[in-house]
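Let's take a walk through a protein model together, one step at a time. Keep the sequence and the picture side by side as you read.

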Amino acid sequence: MRMKYKALVEAAKKAKEFSFSPYSHFRVGAAVLTKDGKIFTGTNIENSSYSLTICAERTALFKAISEGERQFTAIALATDEIGFTSPCGSCRQVIIDLAGNIDVILTSSNGATKIMKSKTLIPLAFGDKNLKKTKKK
């Protein structure tokens, strides 16, 4: 694994420690890497109305976007699971829309990693190409 990716995985693991998951007790940390080498982290934040919960991946990407970043190379995810946990469907869509076909680094609690492209996680993704451009009359 590339040296920069090791730092990204460590940042995701550290972010996991700040998880606010009193309902599911499923802690997730994420870290996104920009093209210029900056790392933005996020964690899952739950609400008693589950639909208002925000995932770690979206937190990290939204933080980066809100700071002016627009180009990304990778995102890493960390959970307490022994196996690999991939992003949920909502996060997959957000990753494709905001970051493109970047590397997604899945980690397990025993230190194993798996790297795949975001388009592998959401083939035939809906995106801006699907939105019709209309002319105003």
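Let's begin with charges that meet: this structure, which is a predicted model, holds six salt bridges. One of them joins K16 to D80, with the closest N and O atoms 2.8 Å apart. Find the two partners along the chain: K16 sits in helix α1, which covers residues 3–16, while D80 is in the loop between β3 (72–79) and α3 (89–99). The two are 64 residues apart in sequence, so this salt bridge ties together parts that are far from each other along the chain. How covered are the partners, buried or exposed? K16 has a relative accessible area of 9%, and since buried means under 20%, K16 is buried. D80, at 35%, is partly exposed.

Now look at E17, which forms a salt bridge with R27, the closest N and O atoms being 3.2 Å apart. Both E17 and R27 lie in the loop between α1 and β1 (28–34), and they are 10 residues apart. R27 is partly exposed, with a relative accessible area of 25%. These residues do not stand alone: K16, E17, R27 and D80 are linked in a network of salt bridges.

Another salt bridge brings together the side chains of D103 and K117, at 3.1 Å from N to O. Here the partners come from two strands: D103 is in β4 (residues 103–107) and K117 is in β5 (residues 113–117), 14 residues apart. D103 counts as buried at 14% relative accessibility, whereas K117 is partly exposed at 36%.

With those links in mind, let's step back to the whole protein. How many helices and strands does the protein have? There are four helices and five strands. Starting at the N terminus, the elements follow the order α-β-β-α-β-α-β-β-α. Along its principal axes, the C-alpha trace spans about 55 × 40 × 30 Å. For a chain of 137 residues, a compact globule would have a radius of gyration near 14 Å, and the value for this protein, 15 Å, agrees with that.

What about the inside and the outside? Of the 137 residues, 40% count as buried. The accessible surface comes to about 8,100 Å², and 55% of that area belongs to carbon and sulfur atoms. The chain also brings remote stretches together: among the contacts with a separation of 6 or more, 59% are between residues 24 or more positions apart. As for charge, the protein has 22 positive and 12 negative side chains, and the centres of the two sets lie 9 Å apart.

Next, zoom in on helix α2, residues 56–66. Its buried residues are A56, E57, R58, T59, A60, L61 and A64. What do these buried residues pack against? They pack against β1, β2 (39–43), β3 and α3. Just after α2 comes G68, which takes a positive phi of about 95 degrees.

Helix α3 is our next stop. Here C91, V94, I95, I96 and A99 are buried. The cover over these buried residues includes α2, β3 and α4 (118–121). After α3 comes G100, whose phi is also positive, near 85 degrees.

Let's pick a single residue from this helix and look around it. I95 is found in α3, and its relative accessible area of 2% makes it buried. Which residues is I95 in contact with, leaving aside its neighbours within four places in sequence? They are L61, I75, P87, G100, I102 and S118. L61 is itself one of the buried residues of α2, and I95 shows you from the α3 side how the two helices meet. You can also trace a distance from I95 to A74: the two are 21 residues apart along the chain, and their C-alpha atoms are separated by 9.8 Å.

For our last stop, follow the chain to the segment after α4, where D128 lies. Unlike the buried I95, D128 counts as exposed, at 59% relative accessibility. D128 and L98 are 30 residues apart in sequence, and from C-alpha to C-alpha they are 11 Å apart in space.

Methods. Residues numbered from 1 in each chain as written. Predicted model: local features only at pLDDT ≥ 70, side-chain atom pairs only at ≥ 80, totals over all residues. Heavy atoms only, no water. Salt bridge = Lys/Arg side-chain N within 4 Å of Asp/Glu carboxyl O. Buried < 20%, exposed > 50% of the residue type's maximum accessible area, 1.4 Å probe, protein only. Rg over C-alpha atoms; globule rule 2.2 N^0.38 Å. Contact = heavy atoms within 4.5 Å. Areas by Shrake-Rupley, 256 points an atom, 1.4 Å probe, with all protein chains shown as cover. Lys, Arg positive; Asp, Glu negative; His and termini not counted. Charge placed at Lys NZ, Arg CZ, Asp CG, Glu CD.
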